[in-house]
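Here's a walk through a two-chain model, with a look at some buried elements, the interface and the charged pairs. Have the structure open as you read.

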Amino acid sequence: MARTFNARVTVTLKNGVLDPQGKAIEGALASLGFDGVGQVRQGKVFDIDLEATSSKAARARLEDMCEKLLANTVIEDYSVEVS
Amino acid sequence: MIAALTKISGNAPTRIWHTETNLPGCDLIVIPGGFSHGDYLRSGAIAARAPVMQAVRQAASKGTRILGVCNGFQTLTESALLPGALMRNAGLTFVCKEVKLEIANADNPFTAGYKKGEVIRCPVAHHDGNYFADPKTLKSLEDNDQVAFRYAEGTNPNGSLNDIAGIFNKAGNVLGMMPHPENLVEPEHSGTDGRRLFEGAMNLLSKEAA
């Protein structure tokens, strides 16, 4: 029986890829007086509801979505959580 | 872009909607700049998955010349027809100005109207033009002479690695570039440095120019 799964896909820049937006946010946090902030990296979050027969099947489809669209694997990594 | 192609070739190009699945026979496919699908997700990401891109991919594999400018270049990297990716400009701002381009490879129809090492003027207008590729891809681009244009004389406007402004695919029939050569093709533009690229792409170079 298919049921609806709630998934969260997180896409982040790979290590070593320059993130000018993260750098700008880092600077803004420092200017607001937040001490001790190290590196900031900006990413994206997608909340996706989808029908699937099992959590495993849902995860496989979400990973396929990441490979084909949600992430650009030249510069980005992704992770998938299914509940 | 359409005005430039029409003026230079004497023929109006056929405009193709993104939902088309077939392309008419043609000498040159141009994916122009601008913004596509709001540039949501990543610049060119949605356009690269449009139905028409399947036909563009087939044409590319058959050797049809394909030129992507600005958002067209982003679409070509997103569709993996060209390697690497175009990221947010290192300075974070949209850049709209004139830069200098060095012809890195003139041994291709697109650049045959120029001399290797020649420096030309060209306008840029983009937010995501920062060319990135992993070290292995970058080395193979350089080793295979796939860099077509580099930002010259300290005019790199976006942080692109190796000052890359435009690249060919391995076969040499697909060219992607961030600068806009179509905006410098007639004296009223204050120069015609971009014109020879289109003349080369459409086999219109006069013998003297080549």
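## A covered helix in chain B

Start with α4(B), whose buried residues are N71(B), G72(B), F73(B), Q74(B), T75(B), L76(B), T77(B) and E78(B). That's eight of eight for a helix spanning residues 71–78, so call α4 of chain B mostly covered. Keep in mind throughout that this is a predicted model.

Step just past the end of α4(B) and you'll meet A80(B), which has a positive phi of about 65 degrees.

## The strand before it

Now look at β2 of chain B, residues 65–69. Why is this strand described as largely enclosed by the rest of the structure? Because five of its five residues are buried. In a regular strand, side chains alternate between the two faces of the sheet. Here both faces of β2(B) are covered: on one side sit R65(B), L67(B) and V69(B), on the other I66(B) and G68(B), and all of them are buried.

β2(B) has strand partners too. With β1 of chain B (residues 28–31), the pairing is parallel and runs over four bridges. With β9 of chain B (residues 174–177), β2(B) is again parallel, joined by four bridges. G68(B) turns up in both pairings: G68(B) is the bridge partner of I31(B), and G68(B) also stands opposite G176(B) in β9(B).

## Where the chains meet

How many residues does each chain bring to the contact? Chain A brings 17 and chain B brings 14. The size of an interface is often given as the accessible area lost when the parts come together. For chain A and chain B that comes to about 1,200 Å², with 68% of it on carbon and sulfur atoms.

On the polar side, five residue pairs are in polar contact between chain A and chain B, counting pairs with both residues at pLDDT 80 or more. Three elements of chain A give two or more residues to the side that touches chain B: α1 (20–31), β2 (43–52) and α2 (55–70). Sort that side of chain A by class and you get eleven nonpolar, three polar and three charged residues.

## The salt bridge across the interface

The rule finds one salt bridge across the interface of chain A and chain B. Which side chains make it? R42(B) and E76(A), at 3.6 Å from N to O. R42(B) and E76(A) are both buried.

This pair doesn't stand alone. A network of salt bridges links K44(A), E76(A), R42(B), R49(B) and E78(B). One of those, E78(B), is a name you've already met among the buried residues of α4(B).

## Salt bridges within the helices

Over all chains, the salt bridge count comes to 16. One of these joins the side chains of E26(A) and K23(A), 3.8 Å apart from N to O. E26(A) and K23(A) are three residues apart in helix α1 of chain A, which means about one helical turn separates them.

Over in chain B, the side chains of K139(B) and D143(B) form a salt bridge at 2.6 Å, N to O. K139(B) and D143(B) lie four residues apart in helix α5 (residues 135–143), so they too are separated by about one helical turn. Are these residues buried or exposed? K139(B) is exposed, with a relative accessible area of 52%, and D143(B) counts as exposed at 52% as well. Set that beside R42(B) and E76(A), both of which are buried.

Definitions and conventions
Residues are numbered from 1 along each chain as its sequence is written. Chains are lettered from A and ligands numbered from 1 in the order in which they are written. This is a predicted model: local features need pLDDT of at least 70, side-chain atom pairs count only at pLDDT 80 or more; totals for chains, interfaces and linings use all residues. Side-chain values use heavy atoms; hydrogens and water are left out. Contact means heavy atoms within 4.5 Å. Buried area is the accessible area (1.4 Å probe) that two parts lose on being put together, summed over both. A salt bridge is a side-chain nitrogen of Lys or Arg within 4 Å of a carboxyl oxygen of Asp or Glu. A polar contact is a pair of N or O atoms within 3.5 Å; within protein, one must be able to donate a hydrogen and the other to accept it, and residues adjacent in sequence count only if both atoms are side-chain atoms. Ala, Val, Leu, Ile, Met, Phe, Trp, Tyr, Cys and Pro count as nonpolar, Asp, Glu, Lys and Arg as charged, and the others, Gly among them, as polar. Buried means under 20% relative accessible area, exposed over 50%, partly exposed in between (1.4 Å probe, protein chains only). Two strands pair if DSSP finds at least two bridges between them.
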